[in-house]
Amino acid sequence: MTMKAGWYVRRLSRMGPREVGGRAVDTVRRRRWRSARPTCPSVTGARFTAVLPAQAIAAVPPDAAKRLIAEADRLMDGHAEFFGVARHDLVDPDWWCDPKTGRRAPWGYAFDVPYRDEEAVGDIKQIWEPSRHQYLTVLAAAYALTRDERYAERVAQHLRSWWVANPPLRGVHWISGIELGIRLLSWVWIRRLLDGWPGAAGLFEDNPVARDQIWHHQRWLAAFPSRGSSANNHVIAEAAGQFAAACAFGWFPSSARWRADALRSLERHLRGNTFASGLNRELATEYHGLVLELGLAAVAEADAAGVPVPASVRLVLLRMTDALAAVVDSRMRPPRQGDADDGHGLVVDGAGTDRWASLLATGDAVFGRLAWWPVVTGTDVRTPLLAALIRPYAKSGTVTRPSSRPGHFADAGMTILRGEGAGEIWCRCDGGPHGFLSIAAHAHADALSVEVRHDGVDVLADPGTFCYHGQPEWRRYFRSTLGHNTLQLDGADQSVSGGPFLWTRHARSRVLVADTSGAGVARWCAEHDGYQPSVHRRRVELTAAAKELRLVDEVRGDCRAVRMAFHLGPAITADLVENRAVLTWTRDGEDRSAELDLPGQLTWRAHRGETNPPLGWYSAGFGRKEPTTTLVGTGFADGAQGFTTVLRFRG
């Protein structure tokens with residue numbers, strides 16, 4: 001109870017007066033709703049008209065269709081995987097069961113459910129994810145492609161089951177606005193993709209249970225928006241889902257108001273969540289992808305319904321797309337920065353479809369690619385479907401797009417150093433803000449960290465995220481300073497954590513040099529004040545011709561105990577002798593290698609797969625982790641000299 005009270009005090013300290021007032025109103029409303037549940041207004045003559053153009057399905061590439069149908073068939077057999085946990089019960093799922101712990105969430109008034117308590121509820125992400133109904137959009141898309149009614153019938157069976165098991169305001173699926181928003185977006189696309197199936201109208205517009213669910217979802221979202229210090233990707237998912245439903249399911253007396261309010265919120269928060277450079281302000285790459293997907297899906301609904309959208313919405317999405325094209329490596333992989341929970345806005349593709357290539361393909365179809373964009377060779381289902389609904393972007397002389405590939409994003413503090421050649425050397429340098437808003441919910445304590453790849457292979461890797469709730473020691477590790485390729489002083493993080501999604505003190509970074517011109521040597525230098533009164537400064541130089549990356553770290557101030565970490569990617573084998581490590585790996589059947597010369601003033605050890613405390617791990621996706629090698633050097637910084645690290649790629 002003391003820890004819980006302490007968290008509330010810390011959380012309250014990060015709110016402004018307006019947010020506190022808004023949350024007080026929310027609390028009163030939740031209490032009132034406990035005993036005063038209204039009835040969905042009666043609806044007559046409801047119709048669904050936001051259908052796909054006739055040519056949309058025909059435009060789906062055959063290989064993308066094949067992957068989708070294979071995925072749909074696995075789902076039909078009851079098989080799926082959510083966050084590393086295989087499920088074989090999706091023929092008739094238990095909507096409240098966490099298969100990882102075996103626990104079932106308790107029944108009751110939604111706002112009484114202690115969803116953060118894994119002992120009481122189970123892993124909430126495992127329970128929530130299937131109920132986003134994105135696996136049902138896959139089945140619905142399989143019906144649209146094949147006209148095989150088995151897929152449509154399974155979708156209908158599961159929706160009816162979910163609606164009965166989860167009446168409005170009862171249970172774990174009525175707690176979080178992002179879940180309601182994404183679920184509404186899924187329902188819109190399910191109805192669209194089932195158009196032509198004889199049972200589609202009976203499942204949705206002619207079904208009072210469906211109408212009741214859709215109405216209550218929208219009423220909930222209108223009443224409880226994420227606000228203030230929580231107005232990150234969650235509020236965009238809420239607004240996008242609300243807007244999509246109010247456009248496609250505009251059957252209710254409040255639909256016009258909900259649509260207008262959601263569009264205002266979407267426009268405001270898309271701008272607020274995005275730097276002018278186009279990068280997402282949370283500085284968590286997967287949320288850049290989520291927000292971009294949600295924004296594109298919302299614009300598709302607007303254009304399908306003939307609802308005018310402010311030009312600023314399309315402009316933000318354009319800049320986000322250009323920024324994504326700028327930061328990906330030669331294998332179309334973006335940075336692994338900040339939190340990542342595998343969240344998607346709209347899923348209509350099978351396994352093996354490249355998410356980032358899909359987004360760039362959609363960007364090409366909607367906005368037009370620039371000459372410097374990487375070439376997208378993969379295919380997907382989502383792009384032709386969205387492109388069939390979204391009107392082409394009207395080029396304007398007032399909108400300027402980058403004439404060459406940007407390497408430095410000053411507002412976000414992100415710099416990409418590149419060495420082109422037989423195998424691209426890609427290096428992300430982090431000198432940006434510590435996350436977004438006062439709580440920086442999805443930030444990691446990673447100031448001045450680097451992430452280095454060779455031909456798309458993680459060499460010096462960002463270890464990832466792994467988990468959010470239920471495993472606090474792992475949550476602390478993956479967001480810690482030691483859990484990144486940077487320098488730690490006196491065993492402390494650069495920024496101070498107040499909880500799993502709360503930072504109470506933020507390290508401030510500033511970039512001093514960023515030269516990505518590619519003229520022989522690319523340079524970057526930055527510093528941060530997270531260890532006041534000391535200052536950590538790092539310089540990075542990439543010499544492409546020599547295939548050499550040089551890092552120099554300086555600690556200005558008092559003598560401090562130092563730990564410097566370099567996390568190797570899971571494909572890398574390391575042979576460490578004193579302060580030199582020989583790194584080897586295989587790429588496309590070819591042996592590759594590099595030498596890593598580490599600072600001689602420090603004592604170096606290799607760690608792998610340790611658990612007490614955690615060290616030497618890599619998380620490729622949410623809920624998954626694997627042992628990898630982490631090299632840690634310990635010693636002292638007295639300010640008299642810097643620590644020099646040199647990475648040389650062979651061949």
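Tutor: Before we begin, helices and strands here are DSSP runs, numbered from the N terminus, with at least four residues for a helix and at least two for a strand. Keep in mind, too, that this is a predicted model.

Student: Thanks! Which helices and strands each supply at least two residues of the lining of the second largest pocket?

Tutor: Helix 4, helix 7, helix 14 (285-305) and helix 16 (355-367) do, together with strand 1 (80-82) and strand 22 (617-621). The pocket holds about 1400 Å³ of space. Of its 50 lining residues, Asp342, His344, Thr353, Arg355 and Arg624 are the closest to its centre.

Student: How does that lining divide into nonpolar, polar and charged residues?

Tutor: It has 18 nonpolar, 16 polar and 16 charged residues.

Student: How many cavities of 30 Å³ or more are there in the whole structure?

Tutor: A cavity is a space where a 1.4 Å probe fits but cannot get out. The search finds 6 of them. The largest cavity contains about 130 Å³, and Asp430, Pro433, His434, His444 and Asp446 are the closest to its centre among 18 lining residues. Its lining counts 6 nonpolar, 9 polar and 3 charged residues.

Student: What about the lining of the second largest cavity, by class?

Tutor: That one has 7 nonpolar residues, 4 polar and no charged. Its space comes to about 100 Å³. Leu279, His288, Val327 and Met414 are among the residues lining it, and helix 14 and helix 15 (311-327) each supply at least two.

Student: Let me go back to helix 7. How many of its residues are buried?

Tutor: Buried means under 20% relative accessible area. By that test, 11 of the 13 residues of helix 7 are buried, including Tyr135, Leu139 and Tyr143. The buried residues pack against helix 3 (55-58), helix 4 (62-76), helix 8 (149-165) and helix 9 (177-193).

Student: And what length does helix 7 reach from its first C-alpha to its last?

Tutor: Helix 7, residues 134-146, reaches 19 Å, close to the 18 Å expected at 1.5 Å a residue. Just after the helix, arginine 147 takes a positive phi of about 60°.

Student: Why is helix 11 largely enclosed by the rest of the structure?

Tutor: Because 13 of its 16 residues are buried. Its length is also as it should be: helix 11 (residues 208-223) should span 22 Å, and its end C-alpha atoms are 22 Å apart. At its N-terminal end, asparagine 207 acts as a cap, with a side-chain oxygen 3.0 Å from the backbone nitrogen of valine 209.

Student: Can we try single residues? Is alanine 246 buried or exposed?

Tutor: Alanine 246 is buried, at a relative accessible area of 0%. This residue belongs to helix 12 (residues 233-248). Beyond four places in sequence, alanine 246 touches Gln218, Ser255, Trp258 and Arg259. Its C-alpha is 9.7 Å from that of leucine 184, 62 residues away along the chain.

Student: One last case: which side chain makes a polar contact with the side chain of glutamate 554?

Tutor: For a polar contact, look for a pair of N or O atoms within 3.5 Å. Here the partner is arginine 539, at 2.8 Å. Glutamate 554 sits in strand 14 (residues 548-556). Neighbours within four places aside, glutamate 554 is in contact with Val535, His536, Arg537, Arg539 and Gly642.

Notes: Residues are numbered from 1 along each chain as its sequence is written. This is a predicted model: local features need pLDDT of at least 70, side-chain atom pairs count only at pLDDT 80 or more; totals for chains, interfaces and linings use all residues. Side-chain values use heavy atoms; hydrogens and water are left out. The expected span of a helix is 1.5 Å times one less than its number of residues. Buried means under 20% relative accessible area, exposed over 50%, partly exposed in between (1.4 Å probe, protein chains only). Contact means heavy atoms within 4.5 Å. A polar contact is a pair of N or O atoms within 3.5 Å; within protein, one must be able to donate a hydrogen and the other to accept it, and residues adjacent in sequence count only if both atoms are side-chain atoms. On a 1 Å grid over the protein atoms alone, a cavity is a set of points where a 1.4 Å probe fits but cannot get out, and a pocket is an open set with protein on both sides within 12 Å along at least five of seven lines; lining residues have an atom within 4 Å of a point. Grid points are joined across faces, edges and corners, and a volume is the space filled by probe spheres set on the points. Ala, Val, Leu, Ile, Met, Phe, Trp, Tyr, Cys and Pro count as nonpolar, Asp, Glu, Lys and Arg as charged, and the others, Gly among them, as polar.
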